[in-house]
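Biologist: Thanks for making time for this one. Could you walk me through the structure, a piece at a time?

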Amino acid sequence: MSKSEQVLILDPSTELKFKGPFDKVVTTQLKLTNPSDKKVCFKVKTTVPKHYCVRPNNGTIEPDESVIVSIMLQPLGNDPNDKTTKHKFMVQSVHPPSDSASGDVWKTVNSSSLMDSKLKCVFESPSQDVVNKDENTPAVVTQGPAKEKTEDISQQQNVSPPVSTNMPVPADSVHETPELKATVDRVNETEVRQRKLQSSPPQKTNVSQNVTTLTEAPNQQISPVVYMIVALIIGIILGKFVL
């Protein structure tokens, strides 16, 4: 005989996810909702009860109400086999008879009236969570202006930097001030003088002529008048000493 379809709505419906690290207690939640117009008794079971603590693990849900079940995974330690064990949960539910308490239902219930749902456990390590986020992040593709900008940058890198020179700036491209004009005039005058000195032939000195004149002067004859004047002066000087 086939079992009845599950009346409760489970959220999540097929998987219970536990996110590490698993060296401490990790808790996940399961929401059970009763959409019917009758009370529903539920019970939560697991294949590895030593690893989990479930609160509440059984109870009654009134019509159009919900119950949050907390499922706490105990620390797994350093044994990697604990994570690979097939951890599964099953939620059983049944409509209780009107004259029975919720605790007595599971003792007297007919197996054909039981409704159940199975959930498997999924363990996510922190590193795996980061990888999944990176894989789900859409790749950013730059088009249009971004491509033109890249080309402009590459062209700028191939252009050699300007070479600074000491070439004079044309006078018509600079706003002349009185001081600048005076400086330019002095530079121009200096250049004109230098050009004249370079273009004019070297002048011969009269040193040789003067030397010849000086050397030839002693050979010239002394005038008799000079002798007379010298003798007169000597006579006057001697006369003063005699007197």
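**The salt bridge and its surroundings**

Modeller: Happily! The side chains of E15 and K120 meet in a salt bridge, 3.7 Å from N to O. This is a predicted model, and a search of the whole structure finds one salt bridge.

Biologist: How many residues apart are E15 and K120, and in which strands do they lie?

Modeller: E15 belongs to strand 2 (residues 15–19) and K120 to strand 9 (residues 115–124). The pair thus links distant parts of the chain, and the separation is 105 residues.

Biologist: Is E15 buried, partly exposed or exposed?

Modeller: Buried means under 20% relative accessible area and exposed means over 50%. E15 has a relative accessibility of 27%, so the class that applies is partly exposed.

Biologist: And K120, is that residue buried, partly exposed or exposed?

Modeller: The relative accessible area of K120 is 44%. The cut-off for exposed is over 50%, and that for buried is under 20%. K120 is therefore partly exposed.

**The sheets**

Biologist: What is the strand order in the open sheet of five strands?

Modeller: The pairing in this open sheet is mixed. Its edge strands are strand 2 and strand 6, each of which pairs on one side only. The twist from one strand to the next averages 25°. Read across, the order is 2-9-8-4-6.

Biologist: Which residue in strand 8 is the bridge partner of F42?

Modeller: Strand 4 and strand 8 (residues 88–94) run antiparallel and are joined by six bridges. For F42, the bridge partner in strand 8 is S93.

Biologist: Which residue in strand 6 is the bridge partner of K43?

Modeller: Strand 4 (residues 40–46) runs antiparallel to strand 6, with four bridges between them. K43 has as its bridge partner in strand 6 the residue N58.

Biologist: Which side chains of strand 6 are buried?

Modeller: In a regular strand the side chains alternate between the two faces of the sheet. Strand 6 (residues 58–61) shows such alternation, with N58 and T60 pointing to one face and not buried. Pointing to the other face, and buried, are G59 and I61.

Biologist: Which strands stand at the edges of the open sheet of four strands?

Modeller: That sheet has the order 1-3-7-5 with antiparallel pairing. Each edge strand has a single partner strand, so one side of each is left without a neighbour in the sheet; the two are strand 1 (9–11) and strand 5 (52–55).

Biologist: Which residue in strand 3 stands opposite D11?

Modeller: Strand 1 and strand 3 (residues 26–34) pair in the antiparallel sense over three bridges. Opposite D11 in strand 3 stands K31.

**The aromatic rings**

Biologist: Are the rings of F18 and F123 stacked or edge-to-face?

Modeller: A search of the whole structure finds four aromatic pairs. The ring centres of F18 and F123 are 6.0 Å apart and their planes lie at 25°. Planes under 30 degrees apart count as stacked, so this pair is stacked.

Biologist: What about F22 and F123, stacked or edge-to-face?

Modeller: F22 and F123 lie 5.8 Å apart, centre to centre, with 80° between the planes. Planes over 60 degrees apart count as edge-to-face. The F22 and F123 pair is edge-to-face.

Biologist: Which residues form one aromatic cluster?

Modeller: F18 is buried, with a relative accessible area of 0%. F22 and F123 are buried too. The cluster is made up of F18, F22, Y52, F89 and F123.

Conventions
Residues are numbered from 1 along each chain as its sequence is written. This is a predicted model: local features need pLDDT of at least 70, side-chain atom pairs count only at pLDDT 80 or more; totals for chains, interfaces and linings use all residues. Side-chain values use heavy atoms; hydrogens and water are left out. A salt bridge is a side-chain nitrogen of Lys or Arg within 4 Å of a carboxyl oxygen of Asp or Glu. Buried means under 20% relative accessible area, exposed over 50%, partly exposed in between (1.4 Å probe, protein chains only). Two strands pair if DSSP finds at least two bridges between them. Axes are lines fitted to C-alpha atoms, for helices over the stretch in contact, and angles run from 0 to 180 degrees between N-to-C directions. Rings of Phe, Tyr and Trp (its six-membered ring) pair if their centres lie within 6.5 Å; planes under 30 degrees apart count as stacked, over 60 as edge-to-face and the rest as tilted.
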